[in-house]
Amino acid sequence: MKKFELTDEFVINDLGKKLFRIRALEAFGNVKAGEVGGFLEKKENLSQDGTACVSGTAKIIDRQISICPISPFPSNKYIPWIS
């Protein structure tokens with residue numbers, strides 16, 4: 001069962017990659033069905049299993065995550081994905 005989908009809404013990040021906003025298809029954790037979240041480059045960036053989510057203005061590309069834009073870090077800095 002899918003917990004989220006990519007919407008038609010997108011942003012282009014500092015690296016020129018197109019990132020799509022996600023929408024919850026079902027309730028899980030603290031997320032309500034229909035709620036929109038952050039941005040993914042592709043659906044494989046977030047598991048359809050479990051309760052992990054991407055919210056607000058967070059962006060995930062490849063296996064990296066961008067801190068929100070009001071972070072003290074420059075917007076083109078990314079931290080490694082934690083597995």
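## Secondary structure and overall composition

The protein holds six strands and zero helices, and its elements follow the pattern β-β-β-β-β-β when read along the sequence. The model described here is predicted, and every value below is computed from its atoms. Of the 83 residues of the protein, 29% count as buried. Among the contacts in the protein with a separation of 6 or more, 28% are accounted for by residues 24 or more positions apart.

## Strand pairing around β2

Strand β1, covering residues 4-12, and strand β2, covering residues 18-24, pair in the antiparallel sense over six bridges. Together β1 and β2 form a hairpin with five residues between them, and within that turn G16 has a positive phi of about 85 degrees. One of the bridge partnerships across this hairpin is that of F10, whose partner in β2 is F20.

Strand β2 also pairs with β3, again in an antiparallel arrangement, with three bridges joining them. Strand β3 spans residues 36-40, and its residue V36 stands opposite R23. R23 lies in strand β2, and its side chain also takes part in a salt bridge with E5.

## The nonpolar core

In soluble globular proteins, nonpolar side chains tend to be buried together. The largest nonpolar core in this model comprises seven residues, namely F4, I22, L40, L46, V54, A58 and I60. Within this set, L46 touches F4, I22, L40 and V54, and L46 also touches A52 and C53, when residues up to four places away in sequence are not counted.

I60 lies in strand β4, which covers residues 59-61. With a relative accessible area of 2%, I60 falls under the 20% cut-off and therefore counts as buried. The C-alpha atoms of I60 and N45 are separated by 6.7 Å, although the two residues are 15 residues apart along the chain.

## Salt bridges

Side chains of opposite charge can pair when their charged atoms come close. The structure holds three salt bridges. In one of them the side chains of R23 and E5 meet at 2.5 Å, N to O. This pair links distant parts of the chain, with R23 in strand β2 and E5 in strand β1, 18 residues apart. R23 is partly exposed, with a relative accessible area of 30%, and E5 is also partly exposed, with a relative accessible area of 30%.

Another salt bridge joins R21 to E9, the closest N and O atoms being 3.1 Å apart. Here too the pair links distant parts of the chain, R21 being in strand β2 and E9 in strand β1, 12 residues apart. How do the partners stand in terms of accessibility, R21 and E9, buried or partly exposed? R21 has a relative accessible area of 14% and is therefore buried, given the cut-off of under 20%, whereas E9, at 41% relative accessibility, counts as partly exposed. A further salt bridge brings together the side chains of K17 and E41 at 3.6 Å, N to O. This pair likewise links distant parts of the chain, with K17 in the loop between β1 and β2, E41 in the loop between β3 and β4, and their positions 24 residues apart in the sense that they are 24 residues apart. K17 counts as partly exposed, at 25% relative accessibility.

## Aromatic rings and their charged neighbours

The count of aromatic pairs comes to one. This pair is formed by F10 and F20 and is tilted, with 6.2 Å centre to centre and 55 degrees between the planes. The pair links distant parts of the chain, F10 being in strand β1 and F20 in strand β2, 10 residues apart, and F20 is also the bridge partner of F10 in β2. Both rings belong to partly exposed residues, since F10 has 41% relative accessibility and F20 has a relative accessible area of 22%.

Lysine side chains are placed over two phenylalanine rings, those of F28 and F10. K18 lies over the face of F10, at 4.2 Å from the ring centre, so that F10 combines this contact with its tilted pairing to F20. The charged end of K3 sits over the ring of F28, 4.8 Å from its centre.

Methods:
Residues are numbered from 1 along each chain as its sequence is written. This is a predicted model: local features need pLDDT of at least 70, side-chain atom pairs count only at pLDDT 80 or more; totals for chains, interfaces and linings use all residues. Side-chain values use heavy atoms; hydrogens and water are left out. A nonpolar core is a set of buried Ala, Val, Leu, Ile, Met, Phe, Trp, Tyr and Cys residues joined through side-chain atoms within 4.5 Å. Buried means under 20% relative accessible area, exposed over 50%, partly exposed in between (1.4 Å probe, protein chains only). Contact means heavy atoms within 4.5 Å. Two strands pair if DSSP finds at least two bridges between them. Helices (H or I, at least four residues) and strands (E, at least two) are DSSP runs, numbered from the N terminus. A salt bridge is a side-chain nitrogen of Lys or Arg within 4 Å of a carboxyl oxygen of Asp or Glu. Rings of Phe, Tyr and Trp (its six-membered ring) pair if their centres lie within 6.5 Å; planes under 30 degrees apart count as stacked, over 60 as edge-to-face and the rest as tilted. A charge sits over a ring if NZ of Lys or CZ of Arg is within 6 Å of the ring centre and within 35 degrees of the ring normal.
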